[in-house]
Amino acid sequence: MKSQKQKFEVKVSSEVGELEGIILHTPGQEIENMTPQNAERALYSDILNLSVASVEYSQLRRVLEKVAQTFQVKELLEQVLDNTKVKERLVDKICLNEEATDIREDLLAMSEKELCRCLVEGVLMKKDNLSRFLDCEKYSLRPLHNFFFTRDSAVTINDWVLISRMANKVRTRESLIMEAIFDYHPMFSVETLNPDTVTASVPGVQLEGGDMLVARHDILMVGIGARST
């Protein structure tokens with residue numbers, strides 16, 4: 001692992017207080033990869049304009065940088081992928097979850113930077129046999145159109161991180177990426193909890209960070225609805 005900055009303490013015991021750090025994902029090519037055909041599946045009612053979204057997100061980032069330390073998902077992910085075992089483990093989980101084991105070796109052969117890009121922006125399906133040629137699906141790995149909503153995929157509760165179990169399978173890869181970052185990036189020393197490790201036999205369990213609020217160190221409020229059961 002390449003040398004990193006000093007440790008950053010991960011701890012949230014209240015929604016009220018000084019913001020010290022935030023993980024961002026700047027919208028990129030995955031937004032451009034949205035089409036009228038896949039917008040609804042990606043949980044959008046309309047197509048985003050990347051040029052407009054980029055300007056607005058840049059303004060948000062500059063404001064946050066004035067009051068807190070900011071981290072970018074792509075930079076953190078690329079750094080953890082420098083570890084061969086982590087790279088293999090994450091690729092295996094993603095390929096199994098998305099039934100894309102046929103591209104596993106191609107993904108593992110990529111550089112950390114290229115793999116990071118593909119895991120976020122998507123991987124086009126190779127139409128190299130009849131079944132794939134006839135398949136209406138365009139991607140072996142779909143673009144992560146929603147990843148700039150970074151609060152959804154993981155939430156810090158006191159001094160540990162809950163990995164979300166997303167309501168829509170199209171967003172599961174976001175949680176797997178955040179889990180790898182918190183588990184293996186040397187900057188973060190924090191315990192994670194993935195509901196899949198304790199609720200695998202319980203169908204229908206869903207938890208998303210956007211529905212959770214740490215009122216204080218001993219009170220966690222959870223909004224129960226379509227996304228969190």
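Buried means having under 20% relative accessible area, a cut-off that the first exercise needs. The model treated in these exercises is a predicted one.

**Exercise 1. Cysteines**

Find how many disulfides the structure holds, and explain why C116 is or is not bonded to another cysteine.

*Solution.* Begin with what is being looked for: a disulfide is a covalent bond between the sulfur atoms of two cysteines. The criterion applied here is that the two sulfur atoms lie within 2.5 Å. Next, take C116, whose closest cysteine sulfur belongs to C118 and lies 9.4 Å away, so that the pair is too far apart for a bond. Seen from the other side, C118 is likewise in no disulfide, its nearest cysteine sulfur being that of C116. The count for the structure is 0 disulfides. Finally, consider the surroundings of the two residues: C116 has 2% relative accessibility and therefore counts as buried, and C118, with a relative accessible area of 5%, is buried too.

**Exercise 2. The open sheet**

Determine in which order the strands of the open sheet are arranged, and which strands stand at its edges.

*Solution.* The open sheet is formed by 3 strands, which follow the order β5-β6-β7 with mixed pairing. Because β5 and β7 (191–193) each have a single partner strand, they stand at the edges, and one side of each is left without a neighbour in the sheet. From one strand to the next, the twist averages 30 degrees. Looking at one pairing in detail, β5 and β6 (residues 160–163) run antiparallel to each other and are joined over 4 bridges, and within this pairing A154 stands opposite I163 of β6.

**Exercise 3. Two pockets**

Describe the largest pocket by its volume and its lining, and then do the same for the second largest pocket, by volume and by lining.

*Solution.* The largest pocket has a volume of about 1,000 Å³. Its lining consists of 32 residues, of which V12, L19, G21, I22 and T156 are the closest to the centre. Among the elements that supply at least two lining residues are β1 (21–24), α2 (50–67) and α9 (172–184), and β1 gives the most, with 4 residues. Sorted by class, this lining has 20 nonpolar, 6 polar and 6 charged residues.

The second largest pocket holds about 380 Å³ of space. It is lined by 18 residues, with E98, E99, Y139, S140 and R142 lying nearest its centre. Two or more lining residues come from each of α7 (130–134) and β4 (139–141), and β4 provides the largest share, 3 residues. By class, the lining of the second largest pocket has 5 nonpolar, 4 polar and 9 charged residues.

Technical notes:
Residues numbered from 1 in each chain as written. Predicted model: local features only at pLDDT ≥ 70, side-chain atom pairs only at ≥ 80, totals over all residues. Heavy atoms only, no water. 1 Å grid on protein atoms, 1.4 Å probe; cavity = no way out; pocket = protein on both sides within 12 Å on 5 of 7 lines; lining within 4 Å. Points joined across faces, edges and corners; volume = space filled by probe spheres on them. Nonpolar A, V, L, I, M, F, W, Y, C, P; charged D, E, K, R; others polar. Buried < 20%, exposed > 50% of the residue type's maximum accessible area, 1.4 Å probe, protein only. Pairing = 2+ DSSP bridges. Axes fitted to C-alpha atoms, helices over the stretch in contact; angles between N-to-C directions.
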